[in-house]
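Colleague: Got a minute for this model? I'd like to go through the ligand site and then a few odd spots.

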Amino acid sequence: MGIVKLFDGIYSIDGRLATENLAPGMRVYGEKLHRIDGKEYREWDPYRSKLAGAIRRGLKEVAIKPGTDVLYLGASTGTTPSHVSDIIGSEGTVFCVEISPQSMKQLLPLSEKRENLVPILGDARKPDDYKDVGKVDVLYQDVAQPDQDDIIIMNAKKFLKKGGIAMFCIKSQSIDVLRSPADVFAQVKAKLEPHFEFVQEMALEPFDKDHLFLVMRGR
Ligand SMILES: C[S@@+](CC[C@H](N)C(=O)[O-])C[C@H]1O[C@@H](n2cnc3c(N)ncnc32)[C@H](O)[C@@H]1O
């Protein structure tokens, strides 16, 4: 079985993305497990995770590395957060904000097996409610809401370290279904520009339609 390291903590196994499982023996969303040289890896599906899709679409640098502290907004049931937890390992922490109590029910048992994953039932529009998180190296946002640009700006101001990286999944359909995705993305970028320096951007097709994945550095 061919394993290649792509980035710190991120691998390709026979051409499929994978991370080393921090909770060996446990699957999070039915993903395939591989045992290689005494280590267990979890396949990382780009059709289920936009971060995996962005890597497959040519992300040049992944700011999420072993030891990184991440604030993750819109954690849902933990698909992508679980891979972030694998990558950052025991020296990092991923704070997972999720508004849906239903999704939180699946995140909680995950956090019992993964000490670096902290679930927070909360609204990403109210960062004061989780202010104890403190400063982080990376802010990741995937809330798919009409005001997702305001949400990332207010959270970056409060939590992102100076020069830290924000990763932002913009869903044009959540912002305006009537306008073209290109128009929506241009409008959102104009609003973000005073607050962030753009590092890289990519469409996520064929993994996700009408999504822009933006990597930005906080100003
Ligand atoms: C597209 S899903 C996220 C998928 C997840 N990022 C992954 O890759 O595994 C969007 C999530 O954002 C959550 N959400 C929506 N508005 C929110 C808000 N204001 N605060 C926190 N979470 C929110 C939704 O409940 C949903 O679970």
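Modeller: One cut-off before we start: buried means under 20% relative accessible area, exposed means over 50%, and partly exposed is in between. Keep in mind that this is a predicted model.

Colleague: Fine. Try the cut-off on M154: how does M154 count at 29% relative accessibility?

Modeller: Partly exposed, because 29% falls between the two limits. M154 belongs to helix α4.

Colleague: How far is M154 from H34, C-alpha to C-alpha?

Modeller: Their C-alpha atoms are 40 Å apart. Along the chain, 120 residues separate M154 and H34.

Colleague: Stay in α4. Is D149 buried or exposed?

Modeller: D149 is in helix α4 as well. D149 has 4% relative accessibility, so it counts as buried.

Colleague: And what's the C-alpha distance from D149 to I170?

Modeller: It is 8.3 Å, with the two positions 21 residues apart in sequence terms.

Colleague: On to the ligand. Where does the ligand sit?

Modeller: In the largest pocket.

Colleague: How many residues surround the ligand, and which are the closest?

Modeller: There are 17 around the ligand. The closest are Y72, T80, E98, D123 and A124.

Colleague: What's the make-up of the shell by class?

Modeller: Seven residues are polar, five are nonpolar and five are charged.

Colleague: Which side chains have an N or O atom by a ligand nitrogen? Start with D123.

Modeller: A side-chain N or O atom of D123 is 2.8 Å from a nitrogen atom of the ligand. For Q145, a polar side-chain atom is 3.3 Å from a ligand nitrogen. For R125, the distance from a side-chain N or O atom to a nitrogen atom of the ligand is 3.5 Å.

Colleague: How much of the ligand's area does the protein cover?

Modeller: On its own, the ligand has 610 Å² of accessible area, and the protein covers 84% of that.

Colleague: Which element gives the largest share of the shell?

Modeller: Helix α2, residues 79–88, with three residues.

Colleague: How many residues of α2 are buried?

Modeller: 10 of the 10, so α2 is largely enclosed by the rest of the structure. Among the buried ones are T80, H83 and D86.

Colleague: What comes right after α2?

Modeller: G89 does, and its phi is positive, near 65°.

Colleague: Back to D86. Which side chain makes a polar contact with the side chain of D86?

Modeller: The side chain of T19, at 2.6 Å. T19 is part of strand β3, residues 16–20. T19 is buried too, with a relative accessible area of 0%.

Colleague: Now backbone oddities. Which residues have a positive phi although they are not glycine?

Modeller: D37 is one, with phi at about 50°. A144 is another, also at about 50°.

Colleague: Where are they?

Modeller: D37 is in the loop between β4 (33–36) and β5 (39–43). A144 is in the loop between β9 (136–141) and α4 (148–159).

Colleague: Is D37 buried or exposed?

Modeller: D37 is exposed, at 77% relative accessible area. A144 has 28% relative accessibility and counts as partly exposed.

Colleague: What joins E205 and P206?

Modeller: A cis peptide bond, with omega about 5°. P206 is in the loop between β11 (196–203) and β12 (211–218).

Colleague: Last topic, the α6 region. Is V188 buried or exposed?

Modeller: V188 is in helix α6, residues 181–192. V188 is buried, at 0% relative accessibility. From V188 to I64 the C-alpha separation is 24 Å, and they are 124 residues apart along the chain.

Colleague: And L178, where is that?

Modeller: In the loop between α5 (172–175) and α6. L178 is exposed, with 80% relative accessible area. The C-alpha atoms of L178 and L108 are 37 Å apart, and 70 residues separate them along the chain.

Definitions and conventions: Residues numbered from 1 in each chain as written. Heavy atoms only, no water. Near = heavy atom within 4 Å. Polar contact = N/O pair within 3.5 Å; in protein donor to acceptor, adjacent residues only side chain to side chain. Areas by Shrake-Rupley, 256 points an atom, 1.4 Å probe, with all protein chains shown as cover. 1 Å grid on protein atoms, 1.4 Å probe; cavity = no way out; pocket = protein on both sides within 12 Å on 5 of 7 lines; lining within 4 Å. Sits in = over half its atoms within 2 Å of the grid points. Helix = DSSP H or I, 4+ residues; strand = E, 2+ residues; numbered from the N terminus. Nonpolar A, V, L, I, M, F, W, Y, C, P; charged D, E, K, R; others polar. Buried < 20%, exposed > 50% of the residue type's maximum accessible area, 1.4 Å probe, protein only.
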